[in-house]
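Visitor: I should like a close look at one part of this model: the packing of its helices, together with the strands beside them. Please take me through it step by step, with each term explained.

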Amino acid sequence: MFRGILLLTFSTTLKSRVMYLFGAVLMIWSGGVYVLSNATFQITSSGNISLSGMNSFTGVSSLGAVLIFLSVFGASRRLPEMLRPTLAGFYLSKPISRTRLLSYTILSTTIVYSLVILVTLGIYGLLLHQWFPGHVPASEIAQQIGLEVIVFMIYVPMLSFLGLATRSGSFAFLLTFALWLLAQILSLDKMRGLLALVDNSILTQLADFCYYLLPRSSDISAMLTSAKVLGSNSVDWSPLWTSTLSAIGVYLLATLKFRRMDL
Amino acid sequence: MTIPLKITNLKKTYAGGITGKGIEALKGVSLEVHSGEIFGLLGPNGAGKTTLVKSILGILKPTSGSCELFGRQLSDPTARAKVGYLQENHRFPRNMTGRELITLAGRLTGMPDSAIRQRADLLLNRVGMLEWADTKFAKYSKGMAQRVGIAQALIHDPDLLILDEPTDGVDPVGRAEIGKLIRDLKAEGKTTLINSHALAEVENICDRVAILNQGRALTIGSVAELTAIGLEYVIQGAFNDDCIHPPEEIASIISFSNNELIAHVVTDSDIDRLSDWLRGHGASIRSLSQRRRSLETVFLELVEEARAEVNGVTREAPAPLTSAAQDSPTEKTTEKG
């Protein structure tokens with residue numbers, strides 16, 4: 001049964017227009033990085049500065065964020081599409097429990113889009129390795145790609161829950177984006193400073209609560225940089241585990257919601 | 001033998017949203033669909049037919065009551081292992097081909113790919129879609145999509161087939177073919193539940209029907225039982241004027257012509273006495289059948305009666321059926337079911 005849903009997700013995803021976006025983003029991004037990295041800018045009258053290799057590592061993380069955005073966009077339609085009244089009967093009349101149907105759908109969406117992210121970032125990583133040999137170790141690129149995939153995996157249950165609750169791919173995507181934006185704002189140092197200025201304990205606690213509840217994607221993406229700066233023993237793993245816990249919680253909520261839904 | 005479908009006092013109330021006043025779509029429906037029969041669900045729009053079908057499959061969560069598929073409760077997903085379903089107004093993914101949909105349906109029921117491949121071709125051929133198997137749904141007509149929909153419902157060789165408006169959008173030739181397919185499945189021992197507005201088709205195909213109105217089953221019975229008009233018989237042959245007045249203790253003639261008469265007998269056994277009497281008076285009898293109304297007439301009467309009851313109006317007794325044009329007798333000489 002899982003194979004059926006996985007293959008369907010795979011073929012649906014490959015046939016979808018989002019794939020063109022992945023291709024276009026990869027081309028534009030790699031082209032941009034290549035051009036910028038080889039560019040020499042005259043910033044003072046006394047000398048030139050070369051950006052060679054500077055953008056290549058940060059490029060993986062930023063491209064990863066864009067690809068996650070695209071994946072969330074692509075995956076947002078998956079569940080609402082399946083659950084629209086004109087198709088729900090097809091799936092729900094099969095001898096498969098709702099919990100399994102939902103889990104298989106979430107899992108297959110996660111696998112397929114993670115693969116797409118992996119392949120896209122992999123191609124980008126290979127290009128970087130080819131263009132700027134020795135600038136960024138391949139292992140670091142691989143680790144960064146791994147972290148980006150984890151960030152996406154953490155977003156899928158949230159996207160699924162919102163898809164079930166709103167029954168609309170567009171709404172699910174917009175809400176997920178809004179939550180991502182909120183998480184970004186809450187993780188900003190300036191936000192912390194602002195809260196300290198306001199000096200309202202309830203507001204601070206609420207911000208903290210939301211900060212730990214929402215997926216901390218930028219913190220996860222930055223873990224590798226922290227490890228490089230602080231050393232691997234001093235890495236703060238909390239973004240990974242709080243985000244994973246909240247993803248599990250949201251998955252359970254989605255299951256509960258789906259089991260009680262009339263379609 | 002396990003009953004394919006048993007529904008007991010099934011109720012479904014849709015949540016009322018902000019107003020809080022729910023909509024009672026099913027008000028305690030009980031029925032059984034027996035093995036090997038073709039069962040029809042009839043009812044006007046909003047009667048609760050689709051709600052009932054969706055509740056049977058667990059697509060909707062019943063408020064109360066129970067539903068068993070082959071002796072298993074709905075909560076057990078394996079109860080649906082022997083069930084094939086064609087949804088009303090389905091919209092299968094447009095970028096999928098007929099074969100892909102059937103393959104997916106097979107995989108979702110846990111079939112191995114080799115068995116799916118074999119059976120898919122067989123079924124596509126059976127519904128007349130083999131030639132179009134690799135064409136996308138986007139290019140299918142409504143009738144073609146409907147045929148593929150039936151094929152996907154049959155992929156795992158289910159014992160109970162639930163078809164929601166199977167001939168919706170299908171041309172007359174296609175309807176006849178679907179009707180034949182359903183009858184063939186019956187011959188193979190399969191059970192079918194049809195939810196349809198096409199009363200004439202239901203009358204021709206179904207062994208038993210349930211007429212639903214406003215969430216209640218108004219009547220459940222065989223088509224033959226429901227359409228039969230008590231003690232009235234249509235006798236065809238050659239008759240002379242001596243046949244007009246049979247003895248009152250046997251029968252009275254409702255309408256008379258030289259080749260057909262409609263008689264009202266006093267008791268069921270009097271039909272033999274009447275035919276003997278007619279032959280004794282020079283008649284030649286070619287066929288004899290119980291007079292029937294069309295299922296549509298029965299349906300309309302029952303629904304009208306139910307509406308009148310709801311509105312608190314006592315319905316007038318129906319006018320006696322004297323005109324052959326009003327309710328033409330069917331050609332059937334043997335009863336169904």
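Guide: Two helices count as roughly parallel at angles under 35 degrees, as roughly antiparallel over 145, as roughly perpendicular from 65 to 115, and as oblique otherwise. The model is predicted, and local features are taken where pLDDT is at least 70, side-chain atom pairs at pLDDT 80 or more, while totals for chains, interfaces and linings use all residues. Residues are numbered from 1 along each chain as its sequence is written, chains being lettered from A and ligands numbered from 1 in the order of writing.

Let us start with helix H2 of chain B, which spans residues 98–108. (Helices, H or I with at least four residues, and strands, E with at least two, are DSSP runs numbered from the N terminus.) H2(B) packs against H4(B) at an angle of about 25°, and the two axes are 8 Å apart. (An axis is a line fitted to C-alpha atoms, for helices over the stretch in contact; angles between N-to-C directions run from 0 to 180 degrees.) H2(B) and H4(B) are therefore roughly parallel to each other. On the side of H2(B), the contact is made by Gly98(B), Leu101(B), Ile102(B) and Ala105(B); on the side of H4(B), by Val148(B), Ala151(B) and Gln152(B). (Residues are in contact if their C-beta atoms, placed from the backbone, lie within 7 Å.) Sorted by character, the residues of this contact are 5 nonpolar, 2 polar and no charged. (Ala, Val, Leu, Ile, Met, Phe, Trp, Tyr, Cys and Pro are nonpolar; Asp, Glu, Lys and Arg are charged; the others, Gly among them, are polar.)

H2(B) also has helix H3 of chain B, residues 113–126, as a partner: the axes come within 10 Å and cross at roughly 130°. H2(B) and H3(B) are therefore oblique to each other. Here Gly98(B), Arg99(B), Ile102(B), Thr103(B), Gly106(B) and Arg107(B) of H2(B) meet four residues named in H3(B), namely Ile116(B), Ala120(B), Leu123(B) and Leu124(B). This contact of H2(B) with H3(B) is made up of 5 nonpolar, 3 polar and 2 charged residues. Gly98(B) and Ile102(B) are named in the contact with H4(B) and also in the contact with H3(B).

H2(B) has a further role in the contact between the chains. That contact draws 23 residues from chain B and 19 residues from chain A. On the side of chain B, the elements giving two or more residues are strand E6 (83–86) and H2. The largest share, 3 residues, comes from H2(B). The whole side of chain B consists of 10 nonpolar, 8 polar and 5 charged residues.

E6(B) now leads us from the helices to a sheet. In chain B, 6 strands form an open sheet of mixed pairing, in the order E6-E7-E8-E3-E9-E10. (Strands pair if DSSP finds at least two bridges between them.) E6(B) and strand E10(B) (216–222) are the edge strands, each with a single partner, so one side of each has no neighbour in the sheet. Neighbouring strands of this sheet are turned by 15° against each other on average, direction ignored. Strand E3(B) (residues 38–42) and E9(B) are paired in the parallel sense over 4 bridges. One bridge partner in this region can be named: for Leu41(B), the partner in E9(B) is Ala210(B).

Helices lie across this sheet as well. H4(B), residues 142–154, lies across E6 and E7 of chain B and runs at about 165° to E6(B). H4(B) is thus named beside E6(B) and E7(B) and also beside H2(B). Helix H1(B), residues 49–56, lies across E3, E7 (160–164), E8 (191–195) and E9 of chain B, running at about 145° to E7(B).

Other strands of chain B complete the view. Strand E1(B) (residues 5–14) is joined to strand E4(B) (residues 64–69) by 5 bridges, and these two run antiparallel; Lys6(B) stands opposite Glu68(B) in E4(B). E1(B) also pairs with strand E2(B) (residues 23–33), in the antiparallel sense over 8 bridges, where Thr13(B) stands opposite Glu24(B). Elsewhere in chain B, 4 strands form an open antiparallel sheet in the order E12-E13-E11-E14. Its twist averages 30° from one strand to the next. Within that sheet, E12(B) and E13(B) (residues 260–265) pair over 5 bridges in the antiparallel sense, and Phe256(B) stands opposite Leu261(B) in E13(B).

Terms used: Contact = placed C-beta atoms within 7 Å.
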